[in-house]
Amino acid sequence: MNFENQGVIKRLADQYGPENLTVVLGNGEANGVEVFAETVTQGDPSYAGPLAGVALKIPVYHVLEEDVMGQVPEKLREEKLQLSSLVIDIEPMHQVLQSSREKL
Amino acid sequence: MQKGKKIIAIGERDGVPGPVIAECLEGAGYEVIFQATECFV
């Protein structure tokens with residue numbers, strides 16, 4: 001996750017409280033999802049960004065996970081997410097993110 | 001996903017972009033407080 005976004009998330013967590021936040025990703029590939037999840041739960045694994053050493057423990061979902069997609073109104077889902085859901089393999093990301101959430 | 005949480009949407013250029021995530025989650029009744037689109041090259 002780039003440093004600019006890490007900085008914004010840190011500020012929002014200070015403002016609203018991390019327990020009131022949820023991060024929703026839109027990654028196209030599983031590669032990188034684990035690092036995203038680790039960054040906002042345990043802290044920046046590269047120890048270089050604003051979230052280095054900051055364990056916010058914010059739950060992370062992917063927008064195409066059933067738990068999220070199922071809450072989006074059908075018309076929006078068909079218009080905006082259906083095509084992506086055909087080309088993006090969500091299962092490996094679901095496994096990684098579910099495991100991350102269970103550790104919180 | 002728990003209702004009532006404030007959403008931070010981090011999309012990806014080659015996946016689902018931030019504005020699309022935000023639109024969908026707002027449609028589902030969530031408050032989106034930040035959205036961005038990252039780009040991996």
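Which residue of β1(B) does T22(A) stand opposite? The partner is I7(B), and this pair is a good place to start reading the model. The model is predicted, so local features need pLDDT of at least 70 and side-chain atom pairs count only at pLDDT 80 or more, while totals for chains, interfaces and linings use all residues. Residues are numbered from 1 along each chain as its sequence is written, with chains lettered from A and ligands numbered from 1 in the order in which they are written.

Let's follow the strands (DSSP runs of E, at least two residues, numbered from the N terminus, as are helices, runs of H or I with at least four residues). Strand β1 of chain A, residues 21–25, runs parallel to β1(B), and 5 bridges join them; two strands pair if DSSP finds at least two bridges between them. Another match across the chains sets V24(A) opposite A9(B).

Now stay within chain B. Its β1, residues 6–12, has 6 of its 7 residues buried, meaning that 20 or more other C-beta atoms, placed from the backbone, lie within 10 Å of the residue's own. β1(B) also pairs in the parallel sense with β2(B), residues 31–38, over 7 bridges, and G11(B) has T37(B) as its bridge partner there. Between these strands the chain passes through helix α1(B), residues 18–27, in a right-handed β-α-β crossover: with the strands pointing away from the viewer, the path from the first strand over the helix to the second runs clockwise.

Finally, the interface: 27 residues of chain B are in contact with 30 residues of chain A, with C-beta atoms, placed from the backbone, within 7 Å. On the chain B side, β1, α1 and β2 each give two or more residues.

Terms used
Buried ≥ 20, exposed ≤ 12 C-beta atoms within 10 Å, placed from the backbone. Contact = placed C-beta atoms within 7 Å.
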